[in-house]
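Biologist: I should like to learn how to read the features of a protein model. Could we proceed from the strands outward?

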Amino acid sequence: MCPHHESRLMSSSKLNQEKASDAPGGVSLTVPQPNINATVAQNILLSVEYYCRGVATVEWKHVSSWGTTRIVEWKSGNYVNISAVYKDRVTIFENGSIELRNVGMRDAGYYLVTVTEEYGTNTYGAIIVNVYEIIYEDIHFVAVLFAFLAAVSAILICFMWLCNKSLHLFQKTTHKLSASTTEEIELETIEC
């Protein structure tokens, strides 16, 4: 995304933090939370609120390094068109907000909302979403791996101890046999 477009989006979201005044056609849009931080698999609410004197069309798009994707478009009261990619993940609200369920790393980026009045007047808003991986899963994996290695080490130590004991028993038995054989040889020599 070019820096000029990015700065325009950021200034647009800053303008939307405050209550927008009615545009000439009677459309206003408020974005109360222009930055959202989420973790993987979390549900997020992209919250906006619009006011329109007539019937309005609301459209949401996702802009990221992978490109631009249309999420949903609807007219207040009757028409809803959700993109197939987001079909099972999006809930729409009459105030213009959407809820995005089970976010992933690819969901990070800019979310652009356009509210268009039936006479063609429109207004825009933007929300920046940052998605982070859950570190606890990595820590859990390391802990399980460490426990597994500790268990294998304990089993190997026990096995080595048993081998050592067996070796000592074998040496004692061999030593007793060789001592008794030596005694018999000595006795035979004496008897001769």
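Modeller: Let us begin with one pair of residues: Glu 59 stands opposite Glu 73 in β6. Please bear in mind throughout that this is a predicted model.

Biologist: How many bridges join strand β5 to strand β6, and in which sense do the strands run?

Modeller: Pairing is read from bridges, at least two of which are required between two strands. Here strand β5 (residues 56-64) and strand β6 (residues 67-75) run antiparallel and are joined by eight bridges. The connection between β5 and β6 is a hairpin of two residues. Ser 64 has Gly 67 as its bridge partner in β6.

Biologist: What pairs with β6 besides β5, and which residue in β7 is the bridge partner of Glu 73?

Modeller: β6 also pairs with β7, in the antiparallel sense, over four bridges. The bridge partner of Glu 73 in β7 is Asn 81. The hairpin of β6 and β7 has three residues between the strands, and in this hairpin Gly 77 takes a positive phi near 100 degrees.

Biologist: In what order do the six strands of the open sheet lie?

Modeller: The order is β2-β11-β10-β5-β6-β7, and the pairing in this open sheet is mixed. β2 (35-39) and β7 (79-82) are the edge strands, each pairing on one side only. On average, neighbouring strands of this sheet are turned by 20 degrees against each other, direction ignored.

Biologist: Which order does the open sheet of three strands have?

Modeller: That sheet has the order β3-β9-β8, and its pairing is antiparallel. β3 (44-46) and β8 stand at the edges with a single partner strand each, so one side of each is left without a neighbour in the sheet. Here too the turn can be given: neighbouring strands of this sheet are turned by 20 degrees against each other on average, direction ignored. Three bridges hold the antiparallel pairing of β3 and β9, and Ile 44 has Leu 100 as its bridge partner in β9.

Biologist: How should I read the two faces of a strand, and which residues of strand β4 are on the covered face?

Modeller: One asks which side chains lie on the covered face and which on the uncovered one. In strand β4 (residues 49-52), Tyr 50 and Cys 52 make up the covered face, whereas Glu 49 and Tyr 51 make up the uncovered one. Strand β1 (residues 27-30) runs antiparallel to β4 and is joined to it by four bridges. Tyr 51 in β4 has Ser 28 opposite.

Biologist: Let us turn to charged side chains. How many salt bridges are counted?

Modeller: Side chains of opposite charge can pair when their charged atoms come close. In this model the count comes to three salt bridges. One of them joins the side chains of Arg 70 and Glu 59, at 3.6 Å from N to O. Arg 70 lies in strand β6 and Glu 59 in strand β5, so this pair ties together parts that are eleven residues apart in sequence.

Biologist: Is Glu 59 buried or exposed?

Modeller: Buried means under 20% relative accessible area. Glu 59 counts as buried because its relative accessibility is 18%, whereas Arg 70, at 27%, counts as partly exposed.

Biologist: What is the distance between the closest N and O atoms of Arg 70 and Glu 73?

Modeller: The closest N and O atoms of the salt bridge between Arg 70 and Glu 73 are 3.7 Å apart. Glu 73 counts as partly exposed, at 22% relative accessibility.

Biologist: Which parts does the pair of Asp 107 and Arg 89 tie together?

Modeller: The salt bridge of Asp 107 with Arg 89 has its closest N and O atoms 2.6 Å apart. Asp 107 lies in the loop between β9 (98-100) and β10 (109-117) and Arg 89 in the loop between β7 and β8 (90-92), so the pair ties together parts that are 18 residues apart in sequence. Asp 107 is buried, with a relative accessible area of 6%. As for networks, salt bridges that share partners join Glu 59, Arg 70 and Glu 73 into one.

Biologist: Finally, which residues does the UniProt annotation "transmembrane region" cover?

Modeller: According to the unreviewed UniProt entry, the annotation covers residues 139-162. In the model, the chain over residues 139-162 is 100% helix and 0% strand, with the end C-alpha atoms 35 Å apart. A nonpolar patch on the surface is formed by Phe 141, Val 142, Leu 145, Phe 148, Leu 149, Val 152 and Leu 156, which together have about 680 Å² of accessible area. Of these, Val 152 lies in helix α2 (residues 135-191) and counts as partly exposed, at 33% relative accessibility.

Methods
Residues numbered from 1 in each chain as written. Predicted model: local features only at pLDDT ≥ 70, side-chain atom pairs only at ≥ 80, totals over all residues. Heavy atoms only, no water. Buried < 20%, exposed > 50% of the residue type's maximum accessible area, 1.4 Å probe, protein only. UniProt positions renumbered as here; feature names shortened; annotations may be inferred. Patch = residues over 30% accessible without salt bridge, like charges linked within 9 Å, V, L, I, M, F, W, Y side chains within 5 Å. Areas by Shrake-Rupley, 256 points an atom, 1.4 Å probe, with all protein chains shown as cover. Salt bridge = Lys/Arg side-chain N within 4 Å of Asp/Glu carboxyl O. Axes fitted to C-alpha atoms, helices over the stretch in contact; angles between N-to-C directions.
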